[in-house]
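Work through the exercises below with the model open beside you. Each task is followed by a stepwise solution.

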Amino acid sequence: MQFPEWQREYSEALFETKPARLAQRLIIAKLVLVKRLCAIAYDPVARREREKIEDALSKLRLLKNLSCKDEAA
């Protein structure tokens with residue numbers, strides 16, 4: 001695992017199959033990602049990880065939007 005500080009929670013949210021648990025997994029993953037992003041915000045060596053976190057947050061937003069549409073249908 002390249003970024004163990006957040007990849008496990010992120011993966012758990014991405015691959016959650018039970019709608020009842022997805023919302024909680026999304027919240028946990030987002031919190032871990034934002035916390036890590038704050039921790040490395042000014043580290044010039046962590047540019048690639050910041051990009052990966054921004055990408056992960058974008059995917060979580062998409063997953064949340066899709067799950068909300070499924071619930072409304």
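## Exercise 1: Glutamate 49

Glutamate 49 is buried, with a relative accessible area of 8%. Buried means under 20% relative accessible area, exposed over 50%, and partly exposed in between (1.4 Å probe, protein chains only). The model is predicted: local features need pLDDT of at least 70, side-chain atom pairs count only at pLDDT 80 or more, and totals for chains, interfaces and linings use all residues. Residues are numbered from 1 along each chain as its sequence is written, and side-chain values use heavy atoms, with hydrogens and water left out.

Task: Place glutamate 49 in its helix and list its contacts beyond four places in sequence.

Solution.
- Step 1. Glutamate 49 sits in helix α3. Helices (H or I, at least four residues) and strands (E, at least two) are DSSP runs, numbered from the N terminus.
- Step 2. Apply the contact criterion: heavy atoms within 4.5 Å.
- Step 3. With neighbours within four places in sequence set aside, glutamate 49 touches Phe3, Glu5, Trp6, Arg36 and Ile40.

## Exercise 2: Aromatic pairs

Task: How many aromatic pairs does the structure hold, and which geometry does each have?

Solution.
- Step 1. Set the test. Rings of Phe, Tyr and Trp (its six-membered ring) pair if their centres lie within 6.5 Å; planes under 30 degrees apart count as stacked, over 60 as edge-to-face and the rest as tilted.
- Step 2. The count is 2 aromatic pairs.
- Step 3. Phenylalanine 3 and tryptophan 6 have ring centres 5.5 Å apart and planes at 10°, so this pair is stacked. Both phenylalanine 3 and tryptophan 6 are buried.
- Step 4. Tryptophan 6 and tyrosine 10 pair edge-to-face, at 6.0 Å centre to centre with 65° between the planes. Both of these residues, tryptophan 6 and tyrosine 10, are buried.
- Step 5. Join the pairs. Phe3, Trp6 and Tyr10 make one aromatic cluster.

## Exercise 3: The buried face of α1

Task: Which residues of helix α1 are buried, and why do they line one face?

Solution.
- Step 1. Helix α1 covers residues 7–14. Its buried residues are Gln7, Glu9, Tyr10 and Ala13.
- Step 2. Look down the axis of α1: the buried residues fall within an arc of 165°, so they line one face of the helix. The arc is that of the directions from the helix axis to the C-beta atoms.
- Step 3. Recall the general rule. An α-helix has 3.6 residues a turn, so residues three or four places apart point the same way.

## Exercise 4: Three residues of α2

Task: Classify isoleucine 27, isoleucine 28 and leucine 31 as buried, partly exposed or exposed.

Solution.
- Step 1. Isoleucine 27 lies in helix α2, residues 19–39. Isoleucine 28 is in α2, and leucine 31 is in α2.
- Step 2. Isoleucine 27 has 53% relative accessibility, so it counts as exposed.
- Step 3. Isoleucine 28 is partly exposed, at 38%.
- Step 4. Leucine 31 reaches 58%, so it counts as exposed.
- Step 5. Add C-alpha separations. Isoleucine 27 and glutamate 12 are 15 residues apart along the chain and 11 Å apart. Leucine 31 and glutamate 16 are 15 residues apart in sequence and 17 Å apart in space. Isoleucine 28 and glutamate 51 are 23 residues apart in sequence and 19 Å apart in space.

## Exercise 5: Cysteines

Task: How many disulfides does a search of the whole structure find?

Solution.
- Step 1. The criterion is a pair of cysteine sulfur atoms within 2.5 Å.
- Step 2. The search returns 0 disulfides.
- Step 3. Check exposure. Cysteine 38 is exposed at 57% relative accessible area. Cysteine 68 is partly exposed at 40%.

## Exercise 6: The whole chain

Task: Summarise the fold pattern, the burial and the confidence of the protein.

Solution.
- Step 1. The protein has 3 helices and 0 strands, in the order α-α-α.
- Step 2. Its C-alpha atoms fill a box of roughly 45 × 20 × 15 Å along the principal axes.
- Step 3. Of the 73 residues, 29% are buried.
- Step 4. Among contacts between residues at least 6 apart in sequence, 51% join residues at least 24 apart.
- Step 5. Mean pLDDT (the predictor's confidence in each residue, from 0 to 100) is 94, and 96% of the residues score at least 70. Confidence is lowest in helix α3 (residues 47–72), with a mean of 91, and highest in α1, at 97.
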